[in-house]
Amino acid sequence: MLEREIDKKCHEEAQLRGGRLIRLRPPPAGIFDRLLLMPGGHFCFVEMKTATGQLNAMQREFKQDLIRMRIPWRVVRSVDEFIALLNQLEREHLEVTA
């Protein structure tokens, strides 16, 4: 599946759950190109890649910055991976509000 097809389906799935998948255009060099915002204040930087796509050197550096700052991030290679991310964020929301 092409990256734009994955992006479209993920965008629709986020909206169905009350969230927003925002594409940063044009993203600054090395920055993951999407920001996922979900109800309850949950968010995650997302980089869409095909099954064989790899992070470039600047993206790997950005990933390390996110890890250091404890900011959530994911590389998503399929709609199923994105749905798993949404499910995880929803579980975290339920745990916080329970």
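**A four-stranded sheet and its cores**

In this predicted model, four strands make up an open sheet with the order 1-2-3-4 and mixed pairing. The edges belong to strand 1 and strand 4, and each has just a single partner strand, so one side of each goes without a neighbour in the sheet. From one strand to the next, the twist averages 30 degrees.

Going through the sheet in order, strand 1 (residues 20–23) and strand 2 run antiparallel and are joined by four bridges. One pairing to look for here is Leu-21, whose bridge partner in strand 2 is Leu-36. Strand 2 also pairs with strand 3, again in the antiparallel sense, this time over five bridges. Arg-34 sits opposite Val-46 of strand 3, and Met-38 sits opposite His-42 of that strand. These two strands form a hairpin with three residues between them, and in the turn Gly-40 has a positive phi of about 90 degrees.

The parallel part of the sheet comes next: strand 3 pairs with strand 4 (residues 73–76) in the parallel sense over four bridges. Val-46 turns up again here, with Arg-74 as its bridge partner in strand 4. To get from strand 3 to strand 4, the chain passes through helix 2 (residues 57–69), making a right-handed β-α-β crossover.

As for what packs against the sheet, helix 1 lies across strand 1, strand 2 and strand 3, and runs at about 145 degrees to strand 1. Strand 2 itself is largely enclosed by the rest of the structure, because four of its five residues are buried. Leu-36 gives a good idea of these surroundings. Beyond its neighbours within four places in sequence, Leu-36 is in contact with Ala-14, Arg-20, Leu-21, His-42, Phe-43, Cys-44, Val-46, Phe-82, Leu-85, Leu-86 and Leu-89.

Several of those names come back in the largest nonpolar core, which has 15 residues. The members that touch the most others are Cys-10, Leu-21, Leu-36, Val-46, Met-48, Phe-82 and Leu-85. Helix 1 (3–16), strand 2 (34–38), strand 3 (42–48) and helix 3 (79–97) each put in at least two residues, and helix 3 has the largest share, with five. Apart from this core lies another one, made of seven residues that include Phe-32, Leu-55, Phe-62 and Leu-66.

Key: Residues are numbered from 1 along each chain as its sequence is written. This is a predicted model: local features need pLDDT of at least 70, side-chain atom pairs count only at pLDDT 80 or more; totals for chains, interfaces and linings use all residues. Side-chain values use heavy atoms; hydrogens and water are left out. A nonpolar core is a set of buried Ala, Val, Leu, Ile, Met, Phe, Trp, Tyr and Cys residues joined through side-chain atoms within 4.5 Å. Buried means under 20% relative accessible area, exposed over 50%, partly exposed in between (1.4 Å probe, protein chains only). Contact means heavy atoms within 4.5 Å. Two strands pair if DSSP finds at least two bridges between them. A crossover is right-handed if, with the strands pointing away from the viewer, the path from the first strand over the helix to the second runs clockwise. Axes are lines fitted to C-alpha atoms, for helices over the stretch in contact, and angles run from 0 to 180 degrees between N-to-C directions.
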